[in-house]
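Here is a small set of exercises to try with the sequence and the 3D view open beside you. Take each task on your own before you read its solution.

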Amino acid sequence: MKVLRLHDTAEGRLVDVEPREPGRFSMYVCGPTVYDVPHIGHARMALVFDVLRRYLEWSGLDVTFVSNITDIEDKIIARANERRIPFEELTTTYEKAWYDAMDQMGVRRPDADPHATAYVEKMVDFIGGLIDRGHAYETSDGVYFSIETLPGYGLLARQPLESLRAGASERLEQAEDKRSPFDFALWKKAKPGEPTWPSPWGPGRPGWHIECTVMSLDLLGDGFDLHGGGQDLAFPHHENERAQALGGGHEFARHWVHNGWVEVEGKKMSKSLGNFTDLTDLLEQADARAYRLLILQSHYRSPLEVTGDTIERAERSLASLDAFARRTSDLPRADADVTVLERFVEAMDNDLQTPEATALLFDTTTRANAALDAGDVDTAATLAAAAKEIAGAMGLELRATAGEVDAATAALVRQRDEARAAKDFAAADRIRERLVASGWVVEDTASGTKVRRP
RNA sequence: GGCGGCGUGGCCGAGUGGUUUAGGCACGGGCCUGCAAAGCCUGUUACAGCGGUUCGAUUCCGCUCGCCGCCUCCA
């Protein structure tokens with residue numbers, strides 16, 4: 001029996017992924033902090049996990065996909081104060097921007113999208129439990145998790161605590177009353193002008209890491225199957241989430257998956273370097289499917305260079321897939337070629353080898369086209385069904401639509417067919433020029449002239 | 001300072017100890033077409049450098065060079 005193998009950050013190697021419950025799969029992916037519009041790095045994360053989710057479902061698993069919205073956090077407060085608006089107004093705006101962009105990219109909505117602000121009470125309870133169990137302590141400015149109390153801290157950082165400390169000593173200031181420089185805030189006591197919630201330690205707000213621990217355990221239960229996010233979240237965010245869960249006496253995620261960076265000119269794209277591209281800009285300039293294709297054509301853990309050029313090339317590749325969809329849309333229904341599906345599963349089970357799966361997709365379309373050229377409709381139909389099946393399993397929509405053909409255009413097309421039948425090629429070419437001038441792409445086929453929008 | 005990753009053909013980007021090519025885009029040739037478009041066939045240029053292991057390495061090991069990331073908010 002074949003199983004999905006994924007690179008588990010906690011293990012640092014490929015592992016067999018066997019669900020907690022047979023036939024069911026639970027995954028939690030860290031979602032956005034909604035204080036600004038999303039950039040293409042966020043989009044890569046969303047696409048990678050959308051592909052994983054779709055593939056698991058395609059494989060027959062009943063998937064529960066949870067992805068949070070962080071709607072209270074330092075950057076949110078800072079931005080809201082800057083604009084002199086309530087923080088809720090800010091987060092509502094950018095949550096909408098997030099989902100609008102996700103919808104455009106065909107990223108399916110999560111089954112649940114817990115909001116931090118709706119979970120504060122449960123977080124407070126959880127923090128209280130950590131204090132009771134001796135894993136947390138109160139200071140003048142908040143409540144902190146004591147990492148010394150948790151054996152195995154540093155699992156996701158993949159290095160011993162000592163070396164982390166050595167590296168950090170140069171720039172991590174030892175806070176006055178923190179016991180270890182790596183102790184992190186569970187609760188932040190309010191300063192003037194900050195939104196607050198009540199707690200046994202006075203009014204304040206939760207630390208960043210606690211929300212994901214509490215919400216994932218609440219919605220997916222102890223020992224859920226997979227926790228994911230961008231590579232940078234592994235440490236300290238995911239490390240700390242895990243520490244909190246274990247400290248609270250819970251089993252946490254069975255597997256950890258992290259996607260690689262979007263790079264610009266060989267450097268990590270980030271706001272601090274100012275080299276980021278807003279997702280909204282990309283979506284205005286390019287077919288959203290092109291970005292999905294680009295992401296599929298590289299491995300999810302590799303860095304990915306995104307430029308206008310790579311996007312354009314992906315759009316051209318996409319055009320040939322759409323042309324294929326048009327060409328094969330009238331073929332008789334057929335079962336998908338089994339060998340192709342087997343190869344697809346093999347590729348995807350091998351740590352989500354989407355580049356290989358995509359190569360298989362292109363190869364399959366080529367073979368189907370060749371079969372059609374040879375007049376072998378049965379083979380073509382079988383291969384075309386397989387191609388559409390695997391494209392769909394990766395969330396890549398192929399479009400067979402030509403666009404609405406108005407009556408005047410249809411009349412021109414008929415005239416051109418008549419001219420060509422009469423071998424009046426000068427007239428036929430004139431009509432083609434008129435059609436092209438009106439923005440149509442003209443293709444002559446065995447069944448006459450066809451037009452479509454580019 | 002600690003830990004980790006990368007360097008593939010014109011570009012993007014997989015993969016592998018040797019017998020067959022990733023794939024895409026671009027470019028050249030051919031077929032098809034009235035001409036195109038689409039499609040098919042086909043060609044070109046590879047595995048940073050230097051050593052080592054091996055019958056054989058792009059693929060394992062070491063070193064060198066170059067680049068990058070994490071250790072701090074970050075997808």
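## Exercise 1: Two packed helices

Helix 11 (residues 338–349) and helix 12 (residues 354–373) pack with their axes 8 Å apart, at an angle of about 160 degrees. Keep in mind that this is a predicted model.

**Task.** Work out whether helix 11 is roughly parallel or antiparallel to helix 12, and which residues make the contact.

**Solution.**
- Step 1: begin with the angle, which is about 160 degrees.
- Step 2: angles over 145 degrees count as roughly antiparallel, so helix 11 is roughly antiparallel to helix 12.
- Step 3: find the contact. Helix 11 brings Val-340, Arg-343, Phe-344, Ala-347 and Met-348, and helix 12 brings Glu-356, Ala-357, Leu-360 and Thr-364.
- Step 4: sort these residues by type. They divide into six nonpolar, one polar and two charged.
- Step 5: add the handedness. Helix 11 passes helix 12 in a right-handed crossing.

## Exercise 2: Another pair of helices

**Task.** Helix 2 (residues 74–83) and helix 3 (residues 87–104) have axes that come within 8 Å and cross at roughly 110 degrees. How are helix 2 and helix 3 oriented to each other?

**Solution.**
- Step 1: angles from 65 to 115 degrees count as roughly perpendicular.
- Step 2: the crossing is at roughly 110 degrees, and helix 2 and helix 3 are therefore roughly perpendicular to each other.
- Step 3: look at the contact, made by Ile-76, Ile-77, Arg-79, Ala-80 and Arg-83 of helix 2 with Phe-87, Leu-90 and Thr-91 of helix 3.
- Step 4: sorted by type, the residues of this contact are five nonpolar, one polar and two charged.

## Exercise 3: A hairpin near the start

**Task.** Find strand 1 (residues 5–8) and strand 2 (residues 13–16). In which sense do strand 1 and strand 2 pair, and which side chains of strand 1 are buried?

**Solution.**
- Step 1: strand 1 and strand 2 pair in the antiparallel sense, over four bridges.
- Step 2: Leu-6 stands opposite Val-15 in strand 2.
- Step 3: the two strands form a hairpin with four residues between them. In the turn, Gly-12 has a positive phi of about 70 degrees.
- Step 4: recall that side chains in a regular strand alternate between the two faces of the sheet.
- Step 5: apply this to strand 1. Leu-6 and Asp-8 point to one face and are buried, while Arg-5 and His-7 point to the other and are not.

## Exercise 4: Reading a sheet

**Task.** Four strands form an open sheet. In what order do the strands come, and which are the edge strands?

**Solution.**
- Step 1: the order is 4-3-9-10, and the pairing is parallel.
- Step 2: strand 4 (62–67) and strand 10 (255–259) are the edge strands, each pairing on one side only.
- Step 3: going from one strand to the next, the twist averages 20 degrees.
- Step 4: zoom in on one pair. Strand 3 (residues 24–29) and strand 4 pair over six bridges in the parallel sense, and Arg-24 stands opposite Asp-62 in strand 4.
- Step 5: add the helix. Helix 1 (residues 40–58) lies across strand 3, strand 4, strand 9 (226–230) and strand 10, and runs at about 160 degrees to strand 4.

## Exercise 5: Backbone details

**Task.** Which two residues does a cis peptide bond join? Then look at Asp-351 and Lys-423: is Asp-351 exposed or partly exposed, and is Lys-423 buried or exposed?

**Solution.**
- Step 1: the cis bond joins Phe-235 and Pro-236, with omega about 5 degrees. Pro-236 is found in helix 7 (residues 234–247).
- Step 2: Asp-351 lies in the loop between helix 11 and helix 12. Its phi is near 55 degrees, a positive value in a residue other than glycine.
- Step 3: Asp-351 is partly exposed because 19 other C-beta atoms lie within 10 Å.
- Step 4: Lys-423 lies in the loop between helix 14 and helix 15 (425–437), and its phi is near 60 degrees, also positive.
- Step 5: Lys-423 has 8 C-beta neighbours inside 10 Å, so Lys-423 counts as exposed.

Notes:
Residues are numbered from 1 along each chain as its sequence is written. Chains are lettered from A and ligands numbered from 1 in the order in which they are written. This is a predicted model: local features need pLDDT of at least 70, side-chain atom pairs count only at pLDDT 80 or more; totals for chains, interfaces and linings use all residues. Axes are lines fitted to C-alpha atoms, for helices over the stretch in contact, and angles run from 0 to 180 degrees between N-to-C directions. Angles under 35 degrees count as roughly parallel, over 145 as roughly antiparallel, 65 to 115 as roughly perpendicular and the rest as oblique. Two residues are in contact if their C-beta atoms, placed from the backbone, lie within 7 Å. Ala, Val, Leu, Ile, Met, Phe, Trp, Tyr, Cys and Pro count as nonpolar, Asp, Glu, Lys and Arg as charged, and the others, Gly among them, as polar. Two strands pair if DSSP finds at least two bridges between them. A crossing is left-handed if the near helix is turned anticlockwise from the far one by less than a right angle, and right-handed if clockwise. A residue is buried if 20 or more other C-beta atoms lie within 10 Å of its own, exposed if 12 or fewer, and partly exposed in between; C-beta atoms are placed from the backbone.
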